[in-house]
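Please look over the sequence and the model shown here before reading on. The report is written for someone meeting this structure for the first time.

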Amino acid sequence: GLAGKGIFSGAIVVAASELAKRSTVFGAAIISLPLTSILALYWLNKETGDATQVADFAESILWLVIPSLALFIALPLLLRRGWEFEPALGLGILATVICYGIGIWAARTFSQLS
């Protein structure tokens with residue numbers, strides 16, 4: 001159940017961070033896979049059997065993938081300009097939160113999502 005979901009999710013993060021020590025590209029490949037989205041879609045379908053709800057959830061994910069890229073644009077840019085990790089991460093997270101707000105507004109305005 002819930003504990004299994006948490007253990008599996010944690011194992012993915014640990015595997016990716018360990019792999020990134022050897023190869024940043026392969027570590028990034030593990031993290032970039034939409035495993036959590038796939039698992040959440042699977043569990044939502046299994047628990048509700050509601051295809052419309054699953055489709056809406058998948059579309060909502062799509063609307064928010066694009067804003068999530070703000071972190072991956074801002075963080076390397078700031079680090080390469082000499083920023084310390086914590087402030088760069090903080091600004092990247094702030095940019096992502098702002099972009100999420102825009103993404104949620106766009107999803108609600110231009111689609112029929114709740």
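What follows goes from the whole chain to its helices, its pocket and its aromatic pairs.

## The chain as a whole

The model described here is a predicted one. Its protein chain contains five helices and zero strands, and, read along the sequence, the elements follow the pattern α-α-α-α-α. Along its principal axes, the C-alpha trace of the protein chain spans about 50 × 35 × 20 Å.

Of the 114 residues in the protein chain, 18% are buried. When contacts are taken between residues at least 6 apart in sequence, 46% of them join residues that are at least 24 apart.

## Helices α3 and α5

Helix α5 runs over residues 85-110, and because a helix is expected to advance 1.5 Å a residue, its 26 residues should span 38 Å; the C-alpha atoms at its ends are 36 Å apart, which agrees with that expectation. Helix α3 can be examined in the same way, since its 14 residues reach 20 Å from the first C-alpha to the last, close to the 20 Å expected at 1.5 Å a residue. Just after α3 comes Gly 49, which takes a positive phi of about 65°.

The buried residues of α5 are Ala 88, Gly 92, Thr 96, Gly 103, Ala 106 and Ala 107. An α-helix has 3.6 residues a turn, so residues three or four places apart point the same way. What covers the buried residues of α5 includes α4, which comprises residues 51-80.

## Where α4 and α5 meet

Two buried residues of α5 show this covering in detail. Ala 88 lies in helix α5, and Ala 88 counts as buried because its relative accessible area is 0%, under the 20% cut-off. Leaving aside neighbours within four places in sequence, Ala 88 is in contact with Leu 75, Leu 78, Leu 79 and Trp 83. For one of these partners, Leu 75, which is 13 residues away along the chain, the C-alpha atom is separated from that of Ala 88 by 5.7 Å.

Thr 96 also has its place in helix α5, and with a relative accessible area of 10% Thr 96 is buried. Not counting residues up to four places away in sequence, Thr 96 touches Pro 67, Ser 68, Ala 70 and Leu 71. Ser 68, in turn, has its place in helix α4 and counts as buried at 18% relative accessibility. Once neighbours within four places in sequence are left aside, Ser 68 is in contact with Thr 96 and Tyr 100.

## The largest pocket

Rolling a probe the size of a water molecule over the atoms shows where empty space is left. The largest pocket has a volume of about 820 Å³. The elements that give two or more residues to its lining are α1 (2-22), α2 (24-32), α3 (35-48) and α4. Among the contributors to this lining, α4 gives the most, with six residues.

The lining of the largest pocket consists of 19 residues, of which Ala 28, Ile 31, Ser 32, Ser 68 and Phe 72 lie nearest the centre. In kind, the lining residues divide into 12 nonpolar, seven polar and no charged. Ser 68 therefore appears twice in this account, as a residue counted as buried at 18% relative accessibility and as one of those nearest the centre of the largest pocket.

## A residue of α1

Ala 15 is found in helix α1, and with a relative accessible area of 42% Ala 15 is partly exposed. The C-alpha atoms of Ala 15 and Ile 30, which are 15 residues apart along the chain, are separated by 8.0 Å.

## Aromatic pairs

A pair of aromatic rings is described by the distance of the centres and the angle of the planes. A search of the whole structure finds two such pairs. Tyr 42 and Trp 43 form an edge-to-face pair, with 5.4 Å from centre to centre and 75° between the planes. Tyr 42 counts as partly exposed at 46% relative accessibility, and Trp 43 counts as partly exposed at 28%.

Trp 105 and Phe 110 form an aromatic pair that is likewise edge-to-face, with 5.7 Å from centre to centre and 85° between the planes. Both Trp 105 and Phe 110 are exposed.

Note on methods
Residues numbered from 1 in each chain as written. Predicted model: local features only at pLDDT ≥ 70, side-chain atom pairs only at ≥ 80, totals over all residues. Heavy atoms only, no water. Helix = DSSP H or I, 4+ residues; strand = E, 2+ residues; numbered from the N terminus. Expected span 1.5 Å × (residues − 1). Buried < 20%, exposed > 50% of the residue type's maximum accessible area, 1.4 Å probe, protein only. Contact = heavy atoms within 4.5 Å. 1 Å grid on protein atoms, 1.4 Å probe; cavity = no way out; pocket = protein on both sides within 12 Å on 5 of 7 lines; lining within 4 Å. Points joined across faces, edges and corners; volume = space filled by probe spheres on them. Nonpolar A, V, L, I, M, F, W, Y, C, P; charged D, E, K, R; others polar. Phe/Tyr/Trp six-rings, centres within 6.5 Å; stacked < 30°, edge-to-face > 60°.
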